[in-house]
Amino acid sequence: DVAARVRGTVPMGAILPSLLKRVRGPEKRMLALDGPQLHAPIHGRRAFLEWQLPQRARLAVLSTQLERAAVEPLVDCRADWIPHFERDYFRIRQAPGWPWPFDDGVGVLMGPCAARRPEGHPPGLCCHPIFGPKINTNWFPERVPTVHNRVLEAAAAELGPATARALAAGESGAHVLRVAVGSVLTTDGQLDVRTLKARLSEAEAARGGAVPIVVLTLDAQAPQLPLIADVPRSAVCAI
């Protein structure tokens, strides 16, 4: 692992020193997103950025409030802005060195993974977003403390085959707690952190310890991660 920053985003598979304790060892504490919107191609780089950037920023802020490492949301490899050579995903001749391709500030790195992929998507393949310096600095891409999905998969594997299978299948398990975002909203549609923390406390009390992996699932009631209610300034400053 490369415990260092590079301009734009954390490199593929790298982990910032501040997040190491949350992704390794017996006290893993990770926070991920899942849901239909993450398993469908968003065509057009600009449309993708307009959807993805608020999601990763809100996820990062929420992770500081929950004291967890946020997992970078994946990209559907079928999006039309992702370059393919002869549409052959597994023999893709990408040039992943900086600054390729980074048109409009985002590119991807393709690689094998165990993450659940939708019907019609190449199985066992994930596209990880990598952000360049063109991205609007309002989204502070250089400061969003996230880890890649492969780090989440490695943590699940460490916790045992049952945990890895539950995570890949989109299910809950002894070490995986799934919470529907629509079930923890305020009356005005914002994410209620107090309600979410109460749900986590109940789950941790039942299992006698912290839940290593928490997955927030998007649904029809909450098709994207909403604004977070009553965000303390400290949660934003911690990023």
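**Reading the disulfides, helices and sheet**

Author: Cys77 is buried, and Cys127 is buried as well. Both statements refer to a predicted model.

Reader: Thanks! What makes you call Cys77 and Cys127 buried rather than exposed?

Author: The word applies under 20% relative accessible area, and both Cys77 and Cys127 are classed that way.

Reader: How do you know that a disulfide joins Cys77 to Cys127?

Author: The sulfur atoms of Cys77 and Cys127 are 2.3 Å apart. The cut-off is within 2.5 Å, so the pair of Cys77 and Cys127 qualifies as a disulfide. This pair ties together distant parts of the chain, 50 residues apart: Cys77 sits in the loop between β2 and β3, and Cys127 in strand β4. The link is right-handed, with 125° about the S-S bond.

Reader: And what makes Cys113 and Cys126 a disulfide?

Author: The reasoning is similar. Here S to S is 1.9 Å, and the limit is 2.5 Å, so Cys113 and Cys126 are joined too. Cys113 lies in the loop between β3 and β4, while Cys126 belongs to strand β4, 13 residues apart. Both cysteines of this pair, Cys113 and Cys126, are buried, and their link is right-handed, at 65° about the S-S bond. A search of the whole structure finds two disulfides, and counting the bonded cysteines along the chain gives the pattern 1-4, 2-3.

Reader: Nice. How do you know that the length of helix α2 agrees with its number of residues?

Author: Helix α2 has 22 residues, numbered 45-66, and at 1.5 Å a residue they should span 32 Å. The end C-alpha atoms of α2 are 31 Å apart, which agrees.

Reader: Why is α2 described as largely enclosed?

Author: Because 18 of its 22 residues are buried, α2 is largely enclosed by the rest of the structure. Right after α2 comes Glu67, whose phi is positive, near 55°.

Reader: What makes β5 and β6 edge strands?

Author: Each of them pairs on one side only. The open sheet has five strands in the order β5-β2-β1-β7-β6, with parallel pairing.

Reader: How do you know that β1 and β7 pair?

Author: Strands β1 (residues 30-34) and β7 (residues 213-217) share five bridges, in the parallel sense. Pairing needs at least two bridges, so β1 and β7 meet the criterion. If you would like a spot to look at, Leu33 stands opposite Leu216 in β7.

Reader: Where does helix α5 lie?

Author: Helix α5 (residues 193-207) lies across β6 and β7, and runs at about 150° to β6.

How values were computed:
Residues are numbered from 1 along each chain as its sequence is written. This is a predicted model: local features need pLDDT of at least 70, side-chain atom pairs count only at pLDDT 80 or more; totals for chains, interfaces and linings use all residues. Side-chain values use heavy atoms; hydrogens and water are left out. Helices (H or I, at least four residues) and strands (E, at least two) are DSSP runs, numbered from the N terminus. Buried means under 20% relative accessible area, exposed over 50%, partly exposed in between (1.4 Å probe, protein chains only). The expected span of a helix is 1.5 Å times one less than its number of residues. Contact means heavy atoms within 4.5 Å. Axes are lines fitted to C-alpha atoms, for helices over the stretch in contact, and angles run from 0 to 180 degrees between N-to-C directions.
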